[in-house]
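The exercises below go through one structure step by step, and each task is followed by a worked solution. Please keep the sequence and the model in view while reading.

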Amino acid sequence: MSEVAAGSSFIPPYHQFCSGRRKWKDQVMKPNRQCRHVVTQPKWQPLIKNQMVKPSTYTSRIFTDLPLYESPGALFDEYLEDKPRVFKAIFPDKRRSQRINEEEWKIQMLPIQFLFLTVWPVIDMRLRCKTGGKDYPSGVPHNVTKVLELDIVRWELQGLDDLLKPSHFSLGVKGALYPERQAMRSRLKGQLEMSISFVLPPVLALVPEDGLRSVAESVLNRLVENMKHKVNGSLLADYNEFRKQKAKNLV
């Protein structure tokens, strides 16, 4: 009995036991509350590198409609077949162009000022003749005898540091030149569409959308107007030389 009594003397009263349980429970649960607090994420999350960002896209279009004076022995169709000559008339600077194959040329374009950046685009331009209304570009009548199609197949941006390179960039150019004949009159018709799509690097992410659009559209308009000037001036002047050479050969 004395052993039982000695053993029972270590059993605490009920209220002490309950109090001990509460203290033990508080000690056990406290770390869990701290753990839940640590793993809770904030409502906002910083932009991560792989997060999808919608690109900004801008497009500019121009059209050409000029009188075309053809000769029976020197039709504009025949002139368009000489793609190296046509390319030289549109891009006369040999220092900035290199022929890749029968249809493609590499062109070092003039530098483009965009915001406070200067970019040197390098493009591969393809010239391809199409006849018979097959696979004509959109907007070209199918009764046109011949179309010269221009488009960019590859591009590269030079002159940018890695920090300033856009995570996404695409440059599209699609154009068409063709003679349209009605009765005894001919006209030179042309269309050119140029578009750019890009995602600004993080260092430029705070540029306002309105300012970005204004700069992008200004750059595009200058490029397409330059192309239009070359077609309206240089190309027609070279075609007139082509007509004269053909006339001399017939004599």
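## Exercises on pockets, cavities, rings and strands

**Exercise 1.** Find which elements each supply at least two residues of the lining of the second largest pocket, and then describe that lining.

*Solution.* The elements that each supply at least two residues are strand 4 (112-114), strand 5 (117-131) and helix 5 (209-250), in a model that is predicted. Helix 5 gives the largest share of this lining, with six residues. The space in the second largest pocket is about 370 Å³, and among the 22 residues that line it, Met109, Leu110, Leu223, Asn226 and Lys230 are the closest to its centre. Sorted by class, the lining of this pocket consists of 15 nonpolar, three polar and four charged residues.

**Exercise 2.** Describe the largest cavity by its volume, and then by its lining.

*Solution.* Begin with the count, which is two cavities of 30 Å³ or more. The largest cavity holds about 310 Å³ of space. Its lining is made up of 20 residues, and those nearest its centre are Phe114, Val119, Leu157, Phe169 and Phe198. Strand 4, strand 5, strand 7 (168-182), strand 8 and helix 5 are the elements that give two or more residues to this lining. The last step is the sorting by class, which yields 20 nonpolar residues, with no polar and no charged ones.

**Exercise 3.** Carry out the description again for the second largest cavity, beginning with its volume.

*Solution.* The volume of the second largest cavity is about 130 Å³. Its lining includes Ile62, Thr64, Leu150, Gly190, Met227 and Lys228, and the elements that give two or more residues to that lining are strand 1, strand 7, strand 8 and helix 5. By class, the lining of the second largest cavity divides into seven nonpolar, four polar and one charged residue.

**Exercise 4.** Decide whether the rings of Tyr58 and Phe198 are stacked, edge-to-face or tilted, and do likewise for the rings of Phe87 and Trp105.

*Solution.* The structure holds eight aromatic pairs. For Tyr58 and Phe198, the ring centres are 6.0 Å apart and the planes stand at 35°, so this pair is tilted. Because Tyr58 lies in strand 1 (residues 56-68) and Phe198 in strand 8 (residues 185-199), the pair ties together parts that are 140 residues apart in sequence. Both Tyr58 and Phe198 are buried.

For Phe87 and Trp105, the ring centres are 4.6 Å apart and the planes stand at 10°, so this pair is stacked. Phe87 belongs to helix 4 (residues 83-90) and Trp105 to strand 3 (residues 104-108), so the parts that this pair ties together are 18 residues apart in sequence. Buried means under 20% relative accessible area; Phe87, at 3% relative accessibility, therefore counts as buried, and Trp105, at 5%, counts as buried as well. Elsewhere, Phe76, Tyr79, Tyr239 and Phe242 form one aromatic cluster.

**Exercise 5.** Work out in which sense strand 3 pairs with strand 2, and how many bridges join strand 3 to strand 5.

*Solution.* Strand 2 (residues 97-99) pairs with strand 3 in the antiparallel sense, over three bridges, and a hairpin joins the two through four residues. Within this pairing, Ser97 has Ile107 in strand 3 as its bridge partner. Turning to strand 5, five bridges join it to strand 3, and these two strands run antiparallel. The bridge partner of Gln108 in strand 5 is Val122.

Methods. Residues numbered from 1 in each chain as written. Predicted model: local features only at pLDDT ≥ 70, side-chain atom pairs only at ≥ 80, totals over all residues. Heavy atoms only, no water. 1 Å grid on protein atoms, 1.4 Å probe; cavity = no way out; pocket = protein on both sides within 12 Å on 5 of 7 lines; lining within 4 Å. Points joined across faces, edges and corners; volume = space filled by probe spheres on them. Nonpolar A, V, L, I, M, F, W, Y, C, P; charged D, E, K, R; others polar. Phe/Tyr/Trp six-rings, centres within 6.5 Å; stacked < 30°, edge-to-face > 60°. Buried < 20%, exposed > 50% of the residue type's maximum accessible area, 1.4 Å probe, protein only. Pairing = 2+ DSSP bridges.
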